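Subject: The structure I promised you

Hi there,

Here is the structure we talked about, for you to open and turn around while you read. My notes follow it.

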Amino acid sequence: MFVDRAKVIVCAGDGGDGCASFRREKFVPFGGPNGGDGGLGGSVIFRAVTGEQSLLNLKYRQHWQAERGEHGRGKDCLGHRGADCIVPVPIGTLVRDVDSGELLADLTAENQECVVARGGVGGKGNSRFVTPTNRAPRTATPGEPGERRTLQVDLKVVADVGLVGYPNAGKSTLISAISDAHPKTAPYPFTTLHPNVGVVHLDDLRRFTVADIPGLIDGAHLDVGLGHDFLRHIERCRALCYVLDLGGVDGRDPLDDLAALRRELEFHLEGLSRRPAIIVANKMDLEPAADNLRRLREQESLRIVPTCAELMENQPEVIQALRELLAGLPDAH
Ligand SMILES: Nc1nc2c(ncn2[C@@H]2O[C@H](COP(=O)(O)OP(=O)(O)OP(=O)(O)O)[C@@H](O)[C@H]2O)c(=O)[nH]1
Ligand SMILES: [Mg+2]
């Protein structure tokens with residue numbers, strides 16, 4: 001199951017209380033105060049990891065609580081600090097405080113961390129309150145409470161290249177051919193119901209990521225089909241790859257498809273259709289494809305790579321074209 005939105009409650013641990021105690025020992029009268037400080041409460045920390053693909057974890061567990069700090073003890077013993085609660089989340093996770101609306105974190109890199117609820121500071125033991133005039137204080141302070149927040153957590157997939165195309169155009173077949181992701185492919189629209197991210201490994205040990213999102217149709221930005229909900233997953237791709245069905249299997253003209261795709265992207269987010277892009281002309285094994293490719297070439301200035309994803313034809317050319325596209329771009333998402 002793919003989950004890209006969740007609401008959770010995070011509670012950091014309270015600080016341990018300071019201790020009020022006195023040294024008591026045979027033959028040592030007036031031993032003096034020896035109460036230790038309380039320990040720091042644990043914090044709740046979100047960490048971006050590659051192993052997580054969705055927020056399913058957060059959907060099923062809505063409360064995350066870090067350990068409280070131990071109370072201070074006599075003989076100047078400090079309380080242990082409470083253990084942090086580390087919440088693994090996928091790369092591309094955005095964390096917002098529900099009450100203030102403040103954006104607390106945007107985790108876009110592996111192992112990036114953010115403290116979303118800070119643990120309370122431990123209280124002071126009575127040995128801290130000694131003054132020249134009060135050498136036997138009985139005061140100790142309680143630990144501070146840990147932070148508690150309600151968070152809205154959203155996932156916006158972060159990938160280098162986003163595949164954009166109509167349902168059934170062959171996006172999932174293409175991502176299977178070039179990367180290590182193998183989503184389901186089938187001869188009907190809306191096979192893919194959630195985004196998949198695949199890693200393309202290059203010869204020189206470099207790699208880049210590609211995201212396959214569910215197909216877009218006209219009106220996707222108005223919530224028609226599956227499109228709208230998933231359009232946000234390509235907002236943060238550095239480059240786009242339009243996948244067109246040049247065979248016209250579903251009876252549409254690929255040139256119209258391209259215009260419609262751009263329109264939908266632009267409606268969703270201004271400027272999105274102007275992202276650096278290439279066109280993968282898929283299904284070149286079919287009858288009308290050559291003619292469509294010629295028309296597309298006449299009209300388009302973007303780089304066009306013809307392929308037949310199903311037979312893995314021209315697979316190195318597609319990878320090379322994507323690589324060159326990414327080479328000239330800044331790293332920021
Ligand atoms: N003839 C031919 N068929 C292809 C080619 N590439 C993909 N197909 C077929 O097209 C159909 C749809 O492919 P998918 O990869 O599932 O398409 P998709 O774009 O991911 O579709 P959705 O997930 O529904 O948006 C499958 O039956 C594939 O076998 C190709 O190059 N030539
Ligand atoms: Mg698919």
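A good place to start is ligand 1: the largest share of the shell around it, three residues, comes from helix α2. Please keep in mind that this is a predicted model.

**Around the ligand**

In total, 25 residues surround ligand 1, and the closest are Gly-170, Ser-172, Pro-187, Thr-192 and Gly-215. Sorted by class, the shell holds 10 nonpolar, 11 polar and four charged residues.

**Helix α2**

How many of the residues of α2 are buried? Helix α2 covers residues 171-178, and eight of its eight residues are buried, so to speak mostly covered. They are Lys-171, Ser-172, Thr-173, Leu-174, Ile-175, Ser-176, Ala-177 and Ile-178. You will recognise Ser-172 from the residues closest to ligand 1.

What do the buried residues of α2 pack against? Their partners are the strands β9 (161-165), β10 (196-201), β11 (207-212), β12 (239-245) and β13 (277-282), together with helix α6 (315-327).

**Strand β9 and its partners**

Strand β9 is worth a look of its own. Five of its five residues are buried, so β9 is largely enclosed by the rest of the structure. Val-161, Leu-163 and Gly-165 point one way from the strand, while Gly-162 and Val-164 point the other way. That fits a general pattern: in a regular strand the side chains alternate between the two faces of the sheet.

β9 pairs with β11 in the parallel sense, over three bridges. Within that pairing, Gly-162 has Ala-211 of β11 as its bridge partner. β9 also runs parallel to β12, and five bridges join these two strands. There, Leu-163 is matched with Cys-241 of β12.

**Two loop residues by the ligand end of the story**

Now step from β9 into the loop that leads to α2, where you will find Asn-168. Its phi is near 75°, a positive value in a residue other than glycine. Is Asn-168 buried or exposed? It counts as buried, because 21 C-beta neighbours lie inside 10 Å and the cut-off for buried is 20 or more.

Asn-168 is also one of the contacts of Gly-215. Gly-215 lies in the loop between β11 and α3 (227-231), and it is among the residues closest to ligand 1. With 25 other C-beta atoms within 10 Å, Gly-215 is buried. Leaving aside neighbours within four places in sequence, Gly-215 is in contact with Gly-165, Tyr-166, Pro-167, Asn-168, Ala-169, Pro-189 and Phe-190. Gly-165, in that list, is one of the buried residues of β9. If you would like a sense of distance, Gly-215 and His-71 are 56 Å apart, C-alpha to C-alpha, and 144 residues apart in sequence.

**Helix α4 and the loop before it**

Further along is helix α4, residues 254-268. At 1.5 Å a residue its 15 residues should span 21 Å, and the end C-alpha atoms are 21 Å apart, which agrees. Which residues of α4 are buried? Pro-254, Asp-257, Leu-258, Leu-261, Glu-264 and Leu-265 are. They cover an arc of only 130° around the axis, which puts them on the same side of α4.

Gly-248 is found in the loop between β12 and α4. It is partly exposed, with 18 other C-beta atoms within 10 Å. Beyond its neighbours within four places in sequence, Gly-248 is in contact with Asp-253, Pro-254, Pro-288 and Asn-292; Pro-254 belongs to the buried set of α4. The C-alpha atoms of Gly-248 and Arg-128 are separated by 80 Å, and the two residues are 120 apart along the chain.

**Back to the earlier strands**

Strand β2 (residues 44-49) runs parallel to strand β4 (residues 85-90), with six bridges joining them. In this pair, Phe-46 stands opposite Val-87. β2 also pairs with strand β7 (residues 113-117), this time in the antiparallel sense and over four bridges. Here Val-44 stands opposite Ala-117.

In the loop between β1 (5-11) and β2 sits Phe-27. It has a positive phi of about 65° although it is not a glycine. Phe-27 counts as exposed, with 4 C-beta neighbours inside 10 Å.

Enjoy exploring, and do write back with any questions.

Best wishes

How values were computed: Residues numbered from 1 in each chain as written. Chains lettered and ligands numbered in written order. Predicted model: local features only at pLDDT ≥ 70, side-chain atom pairs only at ≥ 80, totals over all residues. Buried ≥ 20, exposed ≤ 12 C-beta atoms within 10 Å, placed from the backbone. Contact = placed C-beta atoms within 7 Å. Near = placed C-beta within 6 Å. Nonpolar A, V, L, I, M, F, W, Y, C, P; charged D, E, K, R; others polar. Expected span 1.5 Å × (residues − 1). Arc of directions from axis to C-beta. Pairing = 2+ DSSP bridges.
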